[in-house]
Amino acid sequence: EVEKIQIKITSLGLTESRITSDETIQQLFVECRLNNFLAEETPLSLPKPTGVQRIHYNYSTVINVDKENNHAEREYLRSILLKPDLPANSLKFTVVSDPPEDEQDLECEDIGFAYVSLKEIFQKQRDIIEQDIDVFDSQDASAVIGKLTVTVEALHALRSVHEECK
């Protein structure tokens, strides 16, 4: 069995904020990053949700962390388990504004960040299944601009790495 972290980005809802009122922000996609290794992004950018609407990505991806082929990723998981103060012990989700087709001079802009702590999954011995996590404003880390519904199944892989550490 190939050890892996299974990630699903289900949907995104926004709360009233500078993001909802900013008309240059129209299309959004989500990137998921494991430390500095690996970034995956939803293949679609979707129109910014309004009011209580959510946009649905239903995007799944897998990060393989088997010993044979993915040594660096596995070492990173090991460091999360062994070094309690490692700051980057989370999967980072970034909500990105994708400029409209007719404004290609605009850059993609990171508008919000959300985190799932892999360390916490291991400590609680519980995967995150279809859970709403806070999205924090990229310009003000204390402001929540929305909720991202995600699944992160990492417990099996973390247990396996932990067994090896013993």
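## A viewer tour, starting at Val152

Select valine 152 to begin: leaving out residues up to four places away in sequence, it touches Ile5, Gln6, Leu91, Phe93, Val116, Leu118, Ile121, Asp127 and Ile128, where contact means heavy atoms within 4.5 Å. Before going on, know that this is a predicted model, in which local features need pLDDT of at least 70 and side-chain atom pairs count only at pLDDT 80 or more, while totals for chains, interfaces and linings use all residues. Residues are numbered from 1 along each chain as its sequence is written, and side-chain values use heavy atoms, with hydrogens and water left out.

**The core around it**

Stay on Val152 and add Leu91, Phe93, Leu118 and Leu148: these five have the most contacts inside the largest nonpolar core, a set of 42 residues. Strand β1 gives the most to this core, with 5 residues. Such a core is made of buried Ala, Val, Leu, Ile, Met, Phe, Trp, Tyr and Cys residues joined through side-chain atoms within 4.5 Å. Buried means under 20% relative accessible area, exposed over 50%, and partly exposed in between, with a 1.4 Å probe and protein chains only.

**Gln6, on β1**

Next, pick glutamine 6, one of the residues that Val152 touches. Gln6 sits in strand β1, residues 4–14; strands (E, at least two residues) and helices (H or I, at least four) are DSSP runs numbered from the N terminus. Is Gln6 buried or partly exposed? Its relative accessible area is 25%, so it counts as partly exposed. Show its contacts beyond four places in sequence and you get Ser60, Thr61, Val62, Thr151, Val152 and Glu153. For a distance check, draw a line from its C-alpha to that of threonine 149: 14 Å, for two residues 143 apart along the chain.

**Glu31, on β2**

Now jump to glutamate 31 in strand β2, residues 27–34. With a relative accessible area of 15%, this residue is buried. Its side chain makes a polar contact with the side chain of arginine 33 at 3.3 Å. That term means a pair of N or O atoms within 3.5 Å; within protein, one must be able to donate a hydrogen and the other to accept it, and residues adjacent in sequence count only if both atoms are side-chain atoms. Past four places in sequence, Glu31 is in contact with Ala39, Glu40, Glu41, Lys92, Phe93 and Thr94. You met Phe93 earlier, among the core residues with the most contacts.

**Asn35, in the loop**

Move along to asparagine 35, in the loop between β2 and β3 (38–41). At 26% relative accessibility it is partly exposed, and beyond four places in sequence it is in contact with Tyr76 and Ala88.

**Strand pairing**

Colour β6 (residues 90–98) and β7 (residues 109–117): they run antiparallel, joined by 8 bridges. Two strands pair if DSSP finds at least two bridges between them. Valine 96 has aspartate 110 in β7 as its bridge partner. On to β8 (residues 128–137), which is antiparallel to β7 and joined to it by 2 bridges; here glycine 112 is partnered with aspartate 137.

**Zoom out**

Finally, show the whole chain: 4 helices and 9 strands, in the order β-α-β-β-β-β-α-β-β-α-β-β-α from the N terminus. Its C-alpha atoms fill a box of roughly 55 × 30 × 25 Å along the principal axes. Of the 166 residues, 45% count as buried.
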